[in-house]
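User: Hey, could you walk me through this one? I'd like to start with a ring and work outward.
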Amino acid sequence: MTILAPIQAAAVEFAPEVTYLNTSSWGLLPRRTIAAVKALADENAAGRRVGAGSFEAVEAARAGFARLVGVHPDRVATGSSVTVHVGLIAASLPPGAEVLCPEGEFSSVVSPFALRGDLRMRYAPLADLAGAVRASTALVAFSAVQSADGRVADLAAVRAAASAHGARTLLDATQAAGWFPVDAGAYDYTVTGGFKFLLCPRGTSFLTVTEEAQDTLPALFAGWVSAGAPWTNNYGPLERLAPTARGFDEPPAFLSYHGAEHSLALLAEVGAEALYAHATGLAARLRTGLAALGHKAVPGESAIVAVPGLDGRQPELVEAGIAVSAPAGNLRISCHLHNTEADVDRLLDFLA
């Protein structure tokens with residue numbers, strides 16, 4: 001089987017009515033995901049579903065994400081948003097702790113630390129992040145792939161610098177997981193929103209935490225699911241959290257997780273190698289075409305292509321049925337599983 005075969009097989013899962021190059025904003029839902037959400041909604045409407053949803057679906061989504069990022073499911077907590085996960089990590093730091101972030105980092109990665117008011121924040125250019133780690137740094141919080149322009153961090157260099165100085169690492173994989181190979185076990189924490197390149201409904205997010213780092217997290221959001229045995233700890237205080245990352249689960253948005261189970265299964269069927277090759281191959285074609293038109297894109301091999309100063313073209317592209325976004329002064333185009341060379345060429349023809 002060629003690397004293109006699983007990509008072609010997955011094409012039947014998508015039916016966009018526009019040329020959709022905007023997964024960095026939100027991912028298209030596969031047909032199987034939509035069917036699962038609709039089925040649960042119908043059951044809830046008819047009163048046929050006990051408990052509004054299935055924890056088996058949550059566990060399947062947890063396992064699917066764990067497989068994608070190379071960790072055991074016990075290292076994965078499920079939730080609703082990256083901000084909540086980061087807030088939990090921010091609450092674990094002692095007053096005065098130093099947090100290092102890239103300049104221009106996505107707000108959800110920075111704000112829970114910055115707004116605490118008693119932490120020391122430092123910022124460095126993404127390219128210089130590893131060199132900015134110092135002995136006083138408690139945590140380096142950064143994205144694998146930058147939201148604003150698709151730049152990929154030097155992950156190995158940051159990990160090495162953090163290790164050398166005894167700092168912990170928090171990696172946001174929201175713009176990476178689903179097309180870029182992420183080794184979550186290499187970081188103390190990772191956070192990932194499910195509704196972009198993971199193609200899950202909004203309301204799904206995943207926190208990974210090492211066993212060592214888990215011991216420092218507070219029981220800040222402890223609730224009835226935190227014991228790890230749903231439906232058995234609904235009343236009175238919990239005696240203890242689950243000994244795994246499940247102790248940091250949020251009560252699930254069942255509709256979202258019933259869909260997430262199937263989105264993550266689809267990504268597993270396609271395979272990480274095929275996803276990476278397909279997305280980056282289309283992005284390379286796009287960069288070459290943009291250069292031929294005289295437009296200089298942010299360099300790199302990311303599946304996200306950003307063109308500084310071309311953000312003003314976004315409204316007319318959207319009007320023409322080409323979905324792209326325009327953050328931070330860039331025209332941002334993102335390539336994923338459902339995209340084809342024809343999509344890229346249509347965008348280039350329009351810009352020409």
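**Rings and helices**

Analyst: Sure; keep in mind that this is a predicted model. Phe 206 has 0% relative accessibility, so Phe 206 counts as buried.

User: And Tyr 257, buried or exposed?

Analyst: Buried, because Tyr 257 is at 0% relative accessibility.

User: How many aromatic pairs turn up in the whole structure?

Analyst: The search finds 12. Take Phe 55 and Phe 254: the ring centres are 5.2 Å apart and the planes sit at 85 degrees, so that pair is edge-to-face. Phe 55 belongs to helix H3 and Phe 254 to helix H9, 199 residues apart in the chain. Both Phe 55 and Phe 254 are buried.

User: What about Phe 206 and Tyr 257, what kind of pair do they form?

Analyst: An edge-to-face one, with 6.1 Å centre to centre and 80 degrees between the planes. Here Phe 206 in strand E8 is linked to Tyr 257 in helix H9, 51 residues apart.

User: Which residues form a cluster with Phe 55?

Analyst: Trp 224, Trp 231 and Phe 254 join Phe 55 in one aromatic cluster.

User: OK, switching to H3. What do its buried residues pack against?

Analyst: Strands E2, E7 and E8, plus helix H9. Among the buried residues of H3 are Phe 55, Val 58 and Phe 65. Just after H3, Gly 70 has a positive phi of about 75 degrees.

User: Last one: what lies over the face of Phe 195?

Analyst: Arg 202, at 4.0 Å from the ring centre.

Terms used:
Residues numbered from 1 in each chain as written. Predicted model: local features only at pLDDT ≥ 70, side-chain atom pairs only at ≥ 80, totals over all residues. Heavy atoms only, no water. Buried < 20%, exposed > 50% of the residue type's maximum accessible area, 1.4 Å probe, protein only. Helix = DSSP H or I, 4+ residues; strand = E, 2+ residues; numbered from the N terminus. Contact = heavy atoms within 4.5 Å. Phe/Tyr/Trp six-rings, centres within 6.5 Å; stacked < 30°, edge-to-face > 60°. Lys NZ or Arg CZ within 6 Å of the ring centre and 35° of its normal.
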